[in-house]
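Trainee: I keep meeting labels in structure descriptions. Can we go through some and see what backs each one?

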Amino acid sequence: MTDRELVHQVLHDNRQQAFAAIVGRYSGMVFSKALGIVKREDAAKDIAQQTFLKAYERLAYWRGEELGPWLVSIAMHTALNELERARRAQRHALAANQPPPDYDAERETMLQRMEQAIDALPEQDQTIIQLHYFQQRKTDEIARVVGLSQSNVLVRLHRIRERLKKMLTT
C-alpha cells in the first residue's frame, strides 16, 4: 500500500491501523535521524514518539509521494529544538552560578588538570587553544590572528591535542 493510500485511510476512513503501518514503515528511519543528532538513545526514542504525534496532528497538510522525507524533517527539527532547549537549560544553570547536573568532584579535578596542562603549553599554542575552544573562532580567523596558514593551524591543533592527552594521562 502506498503512503498516499495509507494517509487517505487515516484521514478519511479513520483507520488507525493505517497510521500504525506508517509508524512501522518509518520508525527506524525517524529514530536513526534523531539518534544521529542527539546522540542519546533515550532522547532519540522520545523524539521519534514526538515526531509521529506531530505528524499525526499535521497529516492533513502533507503533500507529497513519500512520507519518509517529511517525517525525517519533523524529526530533525524536533531533535534540534531539543538540543537547543538543553543548551538553554545548561546556560541558565551556569548563569545562576549552579553546577550543571552532571557535576562531580572528579570532573572538577580533571578540568583543573586540563587548565594546568594548557598553562604549560608555549604561548602561541595557548593562544590557538583559547581562540579555538574558548572563543569558538574558526581556523581561518585563528590563522590570521597568529600569522599561520589555515592548514598549519589545523596541524597545530592536532598536535596540541595529542600533547595535552599525553600530559593528562601521565
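Mentor: Start with Leu35. At 30% relative accessibility, Leu35 counts as partly exposed. Keep in mind that this is a predicted model.

Trainee: What makes Leu35 partly exposed?

Mentor: Set the value against the cut-offs. Buried means under 20%, and exposed means over 50%. Leu35 has 30%, so it is called partly exposed.

Trainee: Where does Leu35 lie, and which residues does it contact?

Mentor: Leu35 lies in helix 2. Leaving aside neighbours within four places in sequence, Leu35 is in contact with Arg40, Glu41 and Ala44. Ala21 is 14 residues from Leu35 in sequence, and their C-alpha atoms are 22 Å apart.

Trainee: Now helix 1. Which of its residues are buried?

Mentor: Helix 1 covers residues 3–12, and its buried residues are Asp3, Leu6, Val7, Gln9 and Val10.

Trainee: How do you know that they line one face of the helix?

Mentor: Look down the axis of helix 1. The buried residues fall within an arc of 160°, so they line one face. There is a general point behind this. An α-helix has 3.6 residues a turn, so residues three or four places apart point the same way.

Trainee: What do those buried residues pack against?

Mentor: They pack against helix 2 (16–38), helix 3 (41–58) and helix 4 (68–95).

Trainee: Why is Gln9 called buried?

Mentor: Its relative accessible area is 13%. The cut-off for buried is under 20%. Gln9 is therefore buried. Beyond four places in sequence, Gln9 touches Met1, Asn14, Arg15 and Ala18. One of these, Asn14, comes just after helix 1 and takes a positive phi of about 55°.

Trainee: What makes Arg25 and Asp3 a salt bridge?

Mentor: Their side chains meet at 2.6 Å, N to O. A salt bridge needs a side-chain nitrogen of Lys or Arg within 4 Å of a carboxyl oxygen of Asp or Glu, so this pair qualifies. The pair links distant parts of the chain: Arg25 is in helix 2, Asp3 is in helix 1, and they are 22 residues apart.

Trainee: Are these two partners buried, partly exposed or exposed?

Mentor: Take them in turn. Asp3 has a relative accessible area of 4%, so it is buried. Arg25 has 39%, so it is partly exposed.

Trainee: How many salt bridges does the structure hold?

Mentor: It holds 12. Another of them joins Lys45 and Glu41, with the closest N and O atoms 3.7 Å apart. That distance is within 4 Å, so the pair counts. Both residues lie in helix 3, four residues apart, about one turn of the helix.

Trainee: Why are Lys45 and Glu41 called partly exposed?

Mentor: Lys45 has 49% relative accessibility, and that value is not over 50%, so Lys45 counts as partly exposed. Glu41 has a relative accessible area of 49%, so it gets the label partly exposed too.

Trainee: What about Arg87 and Glu84?

Mentor: Their closest N and O atoms are 3.7 Å apart, and they form a salt bridge. Both lie in helix 4, three residues apart. Glu84, Arg87, Arg88 and Arg91 are linked in a network of salt bridges.

Trainee: How many aromatic pairs does the structure hold?

Mentor: One. The ring centres of Phe19 and Tyr56 are 5.0 Å apart, with the planes at 75°.

Trainee: Why is the pair called edge-to-face?

Mentor: Check two values. Centres must lie within 6.5 Å, and 5.0 Å passes, so the rings pair. Planes over 60 degrees apart count as edge-to-face, so 75° earns that name. Phe19 is in helix 2 and Tyr56 in helix 3, 37 residues apart. Phe19 is buried, with a relative accessible area of 11%. Tyr56, at 36%, counts as partly exposed.

Trainee: Last one, helix 6. How do you know that its span agrees with the expected value?

Mentor: Helix 6 has 12 residues, 123–134, and at 1.5 Å a residue should span 16 Å. Its end C-alpha atoms are 15 Å apart, which agrees.

Trainee: Which residues of helix 6 are buried, and what do they pack against?

Mentor: Asp125, Ile128, Ile129 and Leu131 are buried. The buried residues pack against helix 5 (105–119), helix 7 (139–146) and helix 8 (150–169). Just after helix 6, Gln136 takes a positive phi of about 50°.

Notes:
Residues numbered from 1 in each chain as written. Predicted model: local features only at pLDDT ≥ 70, side-chain atom pairs only at ≥ 80, totals over all residues. Heavy atoms only, no water. Buried < 20%, exposed > 50% of the residue type's maximum accessible area, 1.4 Å probe, protein only. Helix = DSSP H or I, 4+ residues; strand = E, 2+ residues; numbered from the N terminus. Arc of directions from axis to C-beta. Contact = heavy atoms within 4.5 Å. Phe/Tyr/Trp six-rings, centres within 6.5 Å; stacked < 30°, edge-to-face > 60°. Expected span 1.5 Å × (residues − 1).
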